[in-house]
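Hi,

Here is the model I promised to pass on. Have a look at it first, and my notes follow underneath.

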Amino acid sequence: MFDGGLFEGVWTGAFGDIGGLEQASHFGSGVLFGAVPLFLPPKQLLEAIYLLRDNRSGVDHISNSLCFCLTDAGIVPEHPFFAVVEAEAVANTHATTRLGAAWGNPVIASSSDFVLLRLWHNNFTVSAAGQIVITQRYTGQRYRDFVSYRRMLGDAVAALRENAESPLRRGPLAPVVTVSCGYDSPTVAALAAERGCREALTMRVEVAGGDDCGTNIAQALGCMSGNSATPPGAISPDCASLMRANCGRRRGSSSPPPATATISPS
């Protein structure tokens, strides 16, 4: 929580200065307060900011959590629109992810009363008339060669780690990578290992009939000592205690509220 906004996550900039968040590569989501709030979705396609528009009341419910977004509007499992979302969300998400941030359809589900949108990558505002205005169009970026592309990725990882470990945070974040036997996570793990990351999480699991545990890769990169892969469904005692503590908080606790906002177009 800052004077000018709130953000959960890390970004390629100094932690104490949120002025550059609008143009930064960030992992997490938030909002900058101003004459019109500027919403900042994650710069990757695994998470999003959700906007549920109630056509009856003219109210928009905005959250970085699909569950909070629906609940804030009173859409619980027994609600008719919940069934519409449940039927469309998974297949819609896969189809939109394949198309990417620039071409994917943001609408997850709709009815005569509600429209649910998934907003990825591009920052946006919502005008008083209810118009969603994209303020940062994704246009792609070109590189002359692989070396310059790799350098950009490495510099971004280094900046993200510096932000995460900032002493200005109430609780500095230690870098951890997740590693499978694919190519995405080992690539990120290699870049992170070059910049000092020495902790990894892996899981003993089969995917498409093959072993997808990345323990050997993590060990080769120097991010893991010993075979400490977690079986599917198993949670370490420390993680379990942390989850119980956070899931058990009640109203009136000192924990910060979820990044949820309700906007009523005038």
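Let me start with strand β5 (residues 59–63), which is mostly covered: five of its five residues are buried. By buried I mean under 20% relative accessible area, with exposed being over 50% and partly exposed in between (1.4 Å probe, protein chains only). V59, H61 and S63 point one way from β5, D60 and I62 point the other way, and all are buried. Helices (H or I, at least four residues) and strands (E, at least two) are DSSP runs, numbered from the N terminus.

Before I go on, the ground rules. This is a predicted model, where local features need pLDDT of at least 70 and side-chain atom pairs count only at pLDDT 80 or more, while totals for chains, interfaces and linings use all residues. Residues are numbered from 1 along each chain as its sequence is written, and side-chain values use heavy atoms, with hydrogens and water left out.

Back to the strands. β5 pairs with strand β4 (residues 49–54) in the antiparallel sense, over five bridges; two strands count as paired if DSSP finds at least two bridges between them. L51 has I62 as its bridge partner in β5. The two strands, β4 and β5, make a hairpin with four residues between them, and G58 in that turn has a positive phi of about 75°.

β4 is also joined to β7 by six bridges, again running antiparallel. Here L51 stands opposite L117 in β7. Strand β7 (residues 114–119) has six of its six residues buried, so it is largely enclosed by the rest of the structure. Both of its faces are covered: F114, L116 and R118 are on one side, V115, L117 and L119 are on the other, and all are buried. Strand β6 (residues 107–110) runs antiparallel to β7 as well, with three bridges joining them. S110 has V115 as its bridge partner in β7, and β6 and β7 form a hairpin with three residues between them.

Now the helices. In helix α4 (residues 184–194) the buried residues are S185, P186, A189, L191, A192 and A193. They pack against α3 (146–164), β10 (177–178) and α5 (215–220), with contact meaning heavy atoms within 4.5 Å. After α4 comes G196, whose phi is positive, near 95°.

The α3 and α4 pair is worth opening in your viewer. Their axes are 9 Å apart and they pack at an angle of about 65°. For the record, axes are lines fitted to C-alpha atoms, for helices over the stretch in contact, and angles run from 0 to 180 degrees between N-to-C directions. α3 passes α4 in a right-handed crossing, meaning that the near helix is turned clockwise from the far one by less than a right angle (anticlockwise would be left-handed). On the α3 side R150, L153, G154 and V157 meet L191, A192 and E194 of α4. By class, that contact has four nonpolar, one polar and two charged residues. In this scheme Ala, Val, Leu, Ile, Met, Phe, Trp, Tyr, Cys and Pro are nonpolar, Asp, Glu, Lys and Arg are charged, and the others, Gly among them, are polar.

Two threonines next. T96 sits in helix α2 (residues 80–99) and is buried, with a relative accessible area of 5%. Leaving aside neighbours within four places in sequence, T96 is in contact with G104, N105, R118 and W120. T135 lies in the loop between β9 (132–134) and α3 and is partly exposed, at 37% relative accessible area. With the same neighbours left aside, its contacts are L38, N123, F124 and T125. The C-alpha atoms of T135 and N123 are 5.5 Å apart, although the two are twelve residues apart along the chain.

How many disulfides are there? A search of the whole structure finds zero, taking a disulfide as a pair of cysteine sulfur atoms within 2.5 Å. The sulfur of C213 has its closest cysteine sulfur in C181, 6.6 Å away, which is too far for a bond. C213 counts as buried, at 12% relative accessibility, whereas C67 is exposed, at 58%.

Overall, the protein has six helices and 14 strands, and 33% of its 266 residues count as buried. Among contacts between residues at least 6 apart in sequence, 52% join residues at least 24 apart.

Cheers
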